[in-house]
Amino acid sequence: MKNWFHSWRAAVRIARRDAWRAKGRSSLVLAMIALPILGVCALDLTYRSSELSPGERLERTIGAADASFRDGGFGGQPILQTPQGDNYSPAKEDDSGGWPSGSADLRKALPAGARWITDTQGAAKLTTRHGLLQTDVRELKSDDPIARGIVTLLDGRHPQKADEVIATSAFLEQSGLSIGSTVSARNFDRPYRVVGSYELPDSLDTAQITALPGAFLAPYTKAAEKAGALAPGSSTTYLVQHAGGFTWNMVQEINTKGIAVVSRAVVLDPPADSEVPLYQRSGWGDFNSSPAADAMLLVSLGTVVGLAMLEICLLAGPAFAVGARRSRRQLGLVGANGGSRSHIRAIVLSGGLVIGIAAAVVGTVLAVVLTLALQPFLEEYMGQRFGAFDVRPLELLGIALLAVLTGLLAAIVPAVTASRQTVLASLTGRRGVRSTSKVLPVLGLVALLLGGALALYGSLVTDQFIVVAGGSAIAELGVVAMTPAIVGLFGRTGRWLPLSPRLALRDAVRNRGRTAPAVAAVLAAVAGTVAVATYTASSDAQYRAEYTPSLPHGAVSFFQMEEGGRDVPAVTDAVQRYLSVETRADVSRVAVGKPGCPPWGGGDGCGRYEVVVPAGNECPMWTVDDASEKFTAAQRRKMIREDWRCKESRGGGIYVDGGLLVGDARLLKVLGITDPGAARALAEGKAVTFHKPLVAKDGTIGVKQITDLKAADEAATNRKPVPGKVSSVPAHLVTGDPATYGLQVLMTPATAKAAGLATAPVGAYFSTDRLPSGEQRQKLDAELAKIGAGVDLTVEEGYVSDDSLFMLALTIFAGLVTVGAAGIATGLAQADAEADLKTLAAVGAPPRVRRTLSGFQCGVVAAMGVVLGSVSGLLPALGLRLTEERQQLRFHEQNLAEGWGGDLTPPYVLIVIPWETLAALLVAVPLGAALLAALVTRSKGAMARRAAT
Amino acid sequence: MSTPLAAQPVLRLQKLTRVHGSGATEVHALRGIDLDVHPGELVAVMGPSGSGKSTLLTIAGGLDSPTSGQVVVEGTDITTAGAKELAALRRRSIGYVFQDYNLIPALTAAENVALPRELDGTSARKARGEALAALEEMGLGHLADRFPDEMSGGQQQRVAIARALVGDRRLVLADEPTGALDSETGESVLALLRTRCDAGAAGVLVTHEPRFAAWADRVVFLRDGAIVDQTVRSEADSLLTGRVAEA
């Protein structure tokens, strides 16, 4: 044991000094190993630091309070909650589906002697330098000791008076305002002065202002209502301080009043699950994580780490082999002085150990330094402040050990190869064909067959992706193991090549020990790239084929529903100003209730409407609770295919509330509906519809205005007719199922008025003569932001693929790995070929042969790698796509059999070969690698006399 | 100056043959060599290129194995030894000095000398002590902490001789140790080798310079793998010139 230690010390000393002497090569390998370690360490540090402890989290939500009280919203009925207070539901389970609603009185739940402040959150559109900005408005006495930790004051002071606010730095940045500016809200002219800036440690990019309690939201709501607008709602929590805090029992007691509690004491020391009634309910499950999902994550993580290490080993391995080859004489001297094979192995392995340790130290230290230095940027990027800079030594040590392990693994093969050389061969520099292991290719073949069979089974028999992916991974490892044997096969093509490529190929084949790892490294990188590229190209083509446009190509539409469509004219103007509009079709909607009501109802005095499906026109399946009980699958299939009542209107398009719009024939033109009867019908005061079930027997359609929403909801729950006044309008049915992009019924304003329907402007449709440029879009978006209205803008530009950049990045990555691996192998070949080159020069070869030879050596490695990699990458991608097809086909068949309805066209899964990526990899990358190698090789070698042997 | 030849030889070669290749490419590098080297004796091996000088030396040190015959080093037959035993033998009994690049560039002179001892499992401190002592004894103490590229060729070769004899090693096999040196430096290297042999080591020196062979107690002439003549030192001076001119 002791002897072993002493001889290793000598080995490490030699390796350490050697690494220092060959600084270029060492730093290359060091960087290769250290970079991923740096990344993983930095990720770990960032993750751990941003992961808040329960205490830190509490400080950011409830400040210094002992608990926060929040109205459960169930009208004061008892509730059950989780210890964290993030989830609760009424204590009484109700099968009818209706839950109690209403508010509870928070103050009644406050224990005697408690001190409290309120924290109210709402929203408003605030005036900014650029226009209007939707902003969170908070009312909190931010300088109260209880609130300490919720907001961090950055500059200025806390508000002291009712007309003072503080604003987040995100708000100030977005609004262009600063401390000292005044803000006011739309419909509410009272000015507020910004006296300070702050940040929310958990949400750095939230635009928010904070006023004193009661200073903003109440007067704002009043003013907005007066202006006919609906003010957004607000919610209040009580931050409570109480001697002794709130125990779990106290929390449960408060729950009986319908109030949810976040208690510091309970969160920091939660009760056992058995003491939480909510957890004892049937159907309660923690869906966030399951052991299976965790295991899956662990397996995928392990696979990624394993593959990354394999790739680094394959890349770094040849570098160690170069080192071992260069110091062959030195290793021979050690042998002559009594170094045994194990000593030689130890010296080369120590090279891996030394670089691995150096990479571990460099990577970890750099990660800590960089994470510390970049902390503010990381926090901005993640949108939240770190809790504390959390260094977990054990985790970092584990990651660092990976670096050491990678270094050692990368040096294993060169070490074994070096130790197999006889001392005499090392000393004299005699070269020979080093035989490669015969076991490895056999193992590789077994893995290839096994993995291939598994993947084939996966793609043809099951529809389990994991089987295909796992099988492909095993098969690919098999191909990597078989690389030396396959490289041998490539050698047979040599006899037809001219001198330089023939020499290069023969040399590569004769020295498989150094060629194979480089080829394998290229193979692995290219295979991954081709697999992902093929899969991405295929799914991209699929998305393109399945894309349903929202509007005719080039058409534009917008809806603006808030405040009775108040900003519709301004938005219409903006669209016309910035886009090249041909036809404009203004549209309105049917409005029920006060002006300013949103279309979906809600708010006092607001209602909604629906287009009636006349009795007898309803699909029988949809009027019963469970169609699968009432009808057989055969009946359902028949109805779906043949019954016109069950035919769903064409999918796609944009969401049109109720499918009904009030407009004129110009809308038909924009949408490309050419039915000649339709325009005529509109002119005659009829409604035009595209959906047969809406038309009653007497040829009319009915629009029902619903004013009592509560009664309507109850009726709907019990499958009873919804109460409301129905206006009948004579209708014209457009047959032939044209694409209407979500529109089901269209009538003119005159027709609507005649039918007693009030309308409100809601937006416009436009046809344009060309697609907007990026600049036009940006200008329009800026203008819309200034208007500050909530606008749903749709510009139909056809299918836009966002994968091209991703594919390019992948190709570049694979290209870099290929050039790197081929370059290392070429360096190795050059070191070996020195004697050949001298002989060549001696027999009169021109100096450029040296260059062309090194170019071809590099090209040969790259070419072998990309060919093998492309083949091994295509297969798993194809397998995955076939599996996907089987899966979708199964869903489709099940859908058909059960008569669930929906899309009846059978799925087809496209398989697209990414020819551009393949061409780049197969042709451009080897060519580039060869040219690069030829360029960086000196054409003149030092002429030295051949070593005497 | 020569020690009594009756003592047990440090190196004994018996009926040594070495055949490279087979069939048409068969080359007889050594044909039945018999040679004993005793403690305190320095034997020079001379001969034309391809006569088998270097092969003799590599087989004597166990770096290559003979086709037939015996190599006995300090009483051990190394032709039957395994790779590990041979390595151990090179650490403990046999020292090599080559024509050039003898030292490991990553190690200082002292570390180079200490290497065989460290590989043998001696603690670094003890090995360094022995190495410093060896260097000191040969008047090379001032070079201890220099790296090979900070030393002259002659200094490097002398350090190599120190390494060849560190510890209990008594057999130095030197393959043209002066080949890359100018004649003056060469003389100083051989003087050192001579001194070590006088102190009890056994040395085999391959050279084709008669001047250097003159330092030997005995000169062995090889031609086509066989010993064609042996001369003891007393008669060497008169014989050398004529023989070598012939070769």
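Modeller: A residue is buried if 20 or more other C-beta atoms lie within 10 Å of its own. This is a predicted model.

Colleague: Which residues of E13(A) point one way, and which the other way?

Modeller: Strand E13 of chain A spans residues 556-560. Ser557(A) and Phe559(A) point one way. The other way point Val556(A), Phe558(A) and Gln560(A).

Colleague: How many residues of strand E13 of chain A are buried?

Modeller: The strand is mostly covered. Both faces take part: Val556(A), Phe558(A) and Gln560(A) on one, Ser557(A) and Phe559(A) on the other, and all are buried. The count is five of its five residues.

Colleague: What stands opposite Phe558(A) in E22(A)?

Modeller: Strand E22 of chain A covers residues 791-795. E13(A) and E22(A) pair in the antiparallel sense, over five bridges. Opposite Phe558(A) stands Leu793(A).

Colleague: And which residue of E21(A) is the bridge partner of Phe559(A)?

Modeller: Strand E21 of chain A holds residues 759-768. Four bridges join E13(A) to E21(A), and the two run antiparallel. The partner of Phe559(A) is Gly763(A).

Colleague: What share of the residues of chain A count as buried?

Modeller: Chain A has 30 helices and 22 strands. Its length is 949 residues. The buried share is 42%.

Colleague: What percentage of the contacts in chain A with a separation of 6 or more comes from residues 24 or more positions apart?

Modeller: A contact here needs C-beta atoms within 7 Å. Take the contacts in chain A with a separation of 6 or more. Residues 24 or more positions apart account for 83%.

Colleague: Which helix gives the largest share of the largest nonpolar core?

Modeller: That core has 192 residues. Ile33(A), Ile37(A), Val522(A) and Val861(A) touch the most other members. The largest share, 16 residues, comes from chain A's helix H19 (residues 512-546). Another core lies apart from the largest one, with 59 residues, including Ala555(A) and Val703(A).
The helix asked for is H19 of chain A.

Colleague: Turn to the contact between the chains. Which element gives the most to the side of chain A that touches chain B?

Modeller: The contact takes 24 residues from chain A and 27 residues from chain B. On the side of chain A, helices H1 (2-21), H11 (328-336), H12 (341-373) and H15 (423-428) each give two or more residues. With 11 residues, the top contributor is H1(A).

Colleague: How many charged residues are on the side of chain A that touches chain B?

Modeller: Split that side by class. Seven residues are nonpolar and nine are polar. The charged ones number eight.

Definitions and conventions:
Residues are numbered from 1 along each chain as its sequence is written. Chains are lettered from A and ligands numbered from 1 in the order in which they are written. This is a predicted model: local features need pLDDT of at least 70, side-chain atom pairs count only at pLDDT 80 or more; totals for chains, interfaces and linings use all residues. Two residues are in contact if their C-beta atoms, placed from the backbone, lie within 7 Å. Ala, Val, Leu, Ile, Met, Phe, Trp, Tyr, Cys and Pro count as nonpolar, Asp, Glu, Lys and Arg as charged, and the others, Gly among them, as polar. A nonpolar core is a set of buried Ala, Val, Leu, Ile, Met, Phe, Trp, Tyr and Cys residues joined through C-beta atoms within 7 Å. A residue is buried if 20 or more other C-beta atoms lie within 10 Å of its own, exposed if 12 or fewer, and partly exposed in between; C-beta atoms are placed from the backbone. Two strands pair if DSSP finds at least two bridges between them.
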